[in-house]
Amino acid sequence: MMKIMMLFIILLIFPVFIGAVSYNLNSYNKVIYVSTTGSDSLGNGSEGNPYATVNKAVEAAASSGDAIYIKPGEYDVTNSYSFGQNSGLNNFGKNVDFIGVPKETVLYIHGEIATDRDMHFYSGTGFSKIYNMFFIRNSNNRSTNYMNSFFGFGFVQGEIYNSVFKTINCPAPSLTYNNSGAVSVKVYNSVFDLETNMVNSYTGASNTTQIINSVSDYSFAISDGNYYSNNLTNASFDSNYNILTSGWQNTGTGLDPDGSQADLGVYGGLNSWNSFPTVPEASNVLMMLLGMLVIMMSLKNQI
Ligand SMILES: [Ca+2]
């Protein structure tokens, strides 16, 4: 009876550690936390005393080596900044990574409120890796390609993993707006939840953005010079972004957490939404130690 109880405890504990992703919070010099319950004036960016806005966390970050962990909730990242542009998420030149919680960290770009001409989802000129974000942009029917680009407007760079880009009132979505320099973003295992097919990107400079292992319910504008590989277009998916169209399994680049060839969409790749929770928190480490103790006691009883 005791051994059955121990086995039960072990089975309860071990699933916590199955998840494995490519980012590691311990690899950063500092992790800065943002929460809807935080405060920019009273917070210090620690997990227990987080900031309230993403911009405050970027301001507090070093020029490189830090990560910003954005807890579940909705955050305004409209960011009016220059030349009539709403940048969306912006690292303001810092090499800082952004980590969200699948389905629960929502970054909203409010084009129905902001009056600037152009709107982008991400405009970082520093190099950022971005994980598990749910981007929503309301374009308020801005009508031309450069007004509705995903990444712009120049010298934008980074890598985006397992994120959703949802457009609202966006009649002419384009991937990039290269006005003053190449936009070089790599997007892996993400979903483009659109209302219409994409149009060609504005080409003031070269298009070097890459879309890989991703999914859309409409089509990409594949003749615009950007690079598209192993994607599924005109697909259908449910409200949790499970893909309902065939062809998404084992057709991507890289690996899934189970070691098989990567699936397409947010449930594929090493940052699969299925692999969350990903980082052992202090309470989980205690549980692991308890689990090891139980195993040792169990083995001792058998000898
Ligand atoms: Ca697979």
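Which residue in β16 does tyrosine 177 stand opposite? The residue is tyrosine 202. This is a predicted model. Two open sheets are described below, one of three strands and one of eight, followed by a buried asparagine in a loop.

**Three-strand sheet**

- The strand order is β10-β13-β16, the sheet is open, and the pairing is parallel.
- The edge positions belong to β10 (149–153) and β16 (202–203); each has a single partner strand, so one side of each lacks a neighbour in the sheet.
- β10 and β13 run parallel and are joined by four bridges.
- Within that pairing, phenylalanine 153 has asparagine 178 in β13 as its bridge partner.
- β13 covers residues 174–178 and runs parallel to β16, to which two bridges join it.
- Tyrosine 177 and tyrosine 202 stand opposite each other, the latter in β16.
- β10 is mostly covered, with five of its five residues buried.

**Eight-strand sheet**

- This open sheet has the order β1-β2-β5-β8-β11-β14-β17-β19, again with parallel pairing.
- β1 (30–34) and β19 (227–229) are the edge strands; each has a single partner strand, so one side of each is left without a neighbour in the sheet.
- From one strand to the next, the twist averages 15°.
- One pairing in this sheet is that of β11 (residues 157–161) with β14 (residues 184–188), which is parallel and has five bridges.
- Glycine 158 has valine 185 in β14 as its bridge partner.

**Backbone pairing in general**

- Strands of a sheet pair through backbone hydrogen bonds, in either a parallel or an antiparallel arrangement.
- In a regular strand, side chains alternate between the two faces of the sheet.

**Asparagine 90**

- Asparagine 90 is found in the loop between β4 (85–86) and β5 (95–99).
- β5 is also one of the strands of the eight-strand sheet, listed between β2 and β8.
- Is asparagine 90 buried or exposed? Asparagine 90 has 23 other C-beta atoms within 10 Å, and the cut-off for a buried residue is 20 or more, so asparagine 90 counts as buried.
- Leaving aside neighbours within four places in sequence, the contacts of asparagine 90 are Asn79, Tyr81, Ser123 and Gly124.
- Glycine 124 is 34 residues from asparagine 90 in sequence, while their C-alpha atoms are 4.7 Å apart in space.

Conventions: Residues are numbered from 1 along each chain as its sequence is written. This is a predicted model: local features need pLDDT of at least 70, side-chain atom pairs count only at pLDDT 80 or more; totals for chains, interfaces and linings use all residues. Two strands pair if DSSP finds at least two bridges between them. Axes are lines fitted to C-alpha atoms, for helices over the stretch in contact, and angles run from 0 to 180 degrees between N-to-C directions. A residue is buried if 20 or more other C-beta atoms lie within 10 Å of its own, exposed if 12 or fewer, and partly exposed in between; C-beta atoms are placed from the backbone. Two residues are in contact if their C-beta atoms, placed from the backbone, lie within 7 Å.
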